[in-house]
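Reader: I am new to this structure. Could you take me through it in short steps?

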Amino acid sequence: MDRVAVTFNAGSASLKIGVFRLKDGLAFRLGSGIATLGDQPRFTFRSSGRDEAVDLPAGVGIDAGLVSQVVGCLVRRGFDPVVAGHRIVHGGQTFNGPVLLEPDVVLRLEDLTHLAPVHLPPALAIVRAVRSAYPDIPQTASFDTAFHSSQSGLAARLAIPRALHDAGVRRYGFHGLSYKYVSAELRKHDPDLAAGRIICAHLGSGASLCGMVDGVSIDTSMGFSPLDGIPMSTRPGSLDPGAVVHLLRNNFHDADSLEDFLYHHCGLLGVSGKSGDVRVLLEDFHPASREALDLFCFRIAGEIGRLAVSLHGVDAIVFTAGVGEHQPEIRTGVAHHLGWLGLSLSEPANKMNATVISARESEIVAFVIPADEEQVIAEEAIEVISHHRL
């Protein structure tokens, strides 16, 4: 059997799986899977060009039963899990790099759930489920916030009393695993350019941007929570605090209902009134759908302008994640607002989702680089367990 690392990326209604062969301290992808919950729960796994789909029990949740189904499928395919790596959205001010998930670490993470109440509970549920089903497998955590721990105190600060800042109410930034991967891939493609001023746009259902110099995070669009920054599929992005107070006072009875509204009913879905899926909106000709996409592109371009201030200029822009990688119309919409900055796209290259999509005369190089957060999780898992075995 192949000794493998299994990576877990838990959402509120899905669980993404990666399987990697371990060899000479490196991780080589062997397969990918996703467990979708809801009305018709199913786990689908692909390896060596072969798909396998398993219907899951009705009512299955992020629990030991789901983990048993997933790992059972992997074992049937000849994989022997020897380490489990987890994406953990928030490490607070405590964790600035990958760690072994020992019991005391899990307890400290549970104390941080108030910082990411939507994302941390399902991730920790998977950690507990793996430990229950497979107690002998070491587990590691990779943090989305860790990549941004390099940012200055000025970039991390909110304009609130110092005591609140010291208590953890500050800007953290997210999607760090994606940015770490993209930075490394850009360095392979063009090491000289990767050492410069790069703005990476992670555009998926959750979306953010990060400004980097020589692969180090300088500033990012998301702040205290994954609600901040640019509009997303169902999240509003930056929102006037006065509007939040108004909503709580006039439209919602408690913080929980307001939180649900902000995470699940705003963004592209809220503006369009139809969908938070860019693909659906691109095929819809109602004015509200067009307005949602125009707002999305406009705010992305505006955030690029803000990050250019933090970086003192821009040498390259990288588009990544589902929308960033596969939707030329969105990249065109963003570039439309950035001609003043010197960005010009090649229409043929952009339509093909080529790696380099900028025009020859463009003063800024534009790339499309697919994200692979699971690769980073697997590599960090190997790094952690290797260190602890020394």
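Author: Gladly. This is a predicted model. Let us begin with one residue, Arg108, which sits in helix H2, residues 103–110.

Reader: Is Arg108 buried, partly exposed or exposed?

Author: Buried means under 20% relative accessible area, and exposed means over 50%. Arg108 has 38% relative accessibility, so it counts as partly exposed.

Reader: Which residues is Arg108 in contact with, leaving aside neighbours within four places in sequence?

Author: Contact means heavy atoms within 4.5 Å. With neighbours within four places in sequence left aside, Arg108 is in contact with Thr94 and Phe95.

Reader: How many Å apart in space are Arg108 and Gly91?

Author: In sequence, Arg108 and Gly91 are 17 residues apart. In space, C-alpha to C-alpha, the two are apart by 9.4 Å.

Reader: Now the sheet. Which strands stand at the edges?

Author: The sheet is open, has eight strands with mixed pairing, and follows the order S5-S4-S3-S2-S1-S6-S8-S7. An edge strand has a single partner, so one of its sides is left without a neighbour in the sheet. The edge strands are S5 (50–55) and S7 (99–100).

Reader: Which residue in S8 stands opposite Ile88?

Author: Strand S6 (residues 79–88) and strand S8 (residues 139–143) run parallel, joined by five bridges. Opposite Ile88 stands Phe143.

Reader: What span should helix H6 have, at 1.5 Å a residue?

Author: Helix H6 covers residues 176–189, which is 14 residues. The end C-alpha atoms are 20 Å apart, which agrees with the expected span of 20 Å.

Reader: Which residues of H6 are buried?

Author: The cut-off for buried is under 20% relative accessible area. The buried residues of H6 are Gly176, Leu177, Ser178, Tyr179, Tyr181, Val182, Ser183 and Leu186.

Reader: On to empty space. Which element gives the most to the lining of the largest pocket?

Author: The largest pocket holds about 1600 Å³ of space. Elements that give two or more residues to its lining include strand S1 (2–10), strand S2 (14–23), helix H13 (321–326) and helix H16 (373–389). The most, five residues, comes from H13.

Reader: Which residues lie nearest the centre of the largest pocket?

Author: The lining has 48 residues. By class, 17 are nonpolar, 19 polar and 12 charged. Nearest the centre lie Ser14, Lys16, Gly204, Ser205 and Gly206.

Reader: How many nonpolar residues are in the lining of the second largest pocket?

Author: The second largest pocket has about 710 Å³ of space. Its lining has 20 residues, and Phe224, Ser225, Leu227, Val244 and Leu262 lie nearest its centre. Four lining residues are polar and two are charged, while the nonpolar ones number 14.

Reader: Which element gives the most to the lining of the second largest pocket?

Author: Helix H8 (241–250) and H9 each supply at least two residues. The most, five residues, comes from H9.

Reader: What volume does the largest cavity have?

Author: Rolling a probe the size of a water molecule over the atoms shows where empty space is left. The structure holds one cavity of 30 Å³ or more. The largest cavity has a volume of about 40 Å³.

Reader: Which element gives the most to the lining of the largest cavity?

Author: The lining residues are Val6, Phe8, Val71, Pro81, Val83, Ala84, Val130, Tyr134 and Ile137. By class, nine are nonpolar, with no polar and no charged residues. S1 and S6 each supply at least two. The most, three residues, comes from S6.

Definitions and conventions
Residues are numbered from 1 along each chain as its sequence is written. This is a predicted model: local features need pLDDT of at least 70, side-chain atom pairs count only at pLDDT 80 or more; totals for chains, interfaces and linings use all residues. Side-chain values use heavy atoms; hydrogens and water are left out. Helices (H or I, at least four residues) and strands (E, at least two) are DSSP runs, numbered from the N terminus. Buried means under 20% relative accessible area, exposed over 50%, partly exposed in between (1.4 Å probe, protein chains only). On a 1 Å grid over the protein atoms alone, a cavity is a set of points where a 1.4 Å probe fits but cannot get out, and a pocket is an open set with protein on both sides within 12 Å along at least five of seven lines; lining residues have an atom within 4 Å of a point. Grid points are joined across faces, edges and corners, and a volume is the space filled by probe spheres set on the points. Ala, Val, Leu, Ile, Met, Phe, Trp, Tyr, Cys and Pro count as nonpolar, Asp, Glu, Lys and Arg as charged, and the others, Gly among them, as polar. The expected span of a helix is 1.5 Å times one less than its number of residues. Two strands pair if DSSP finds at least two bridges between them.
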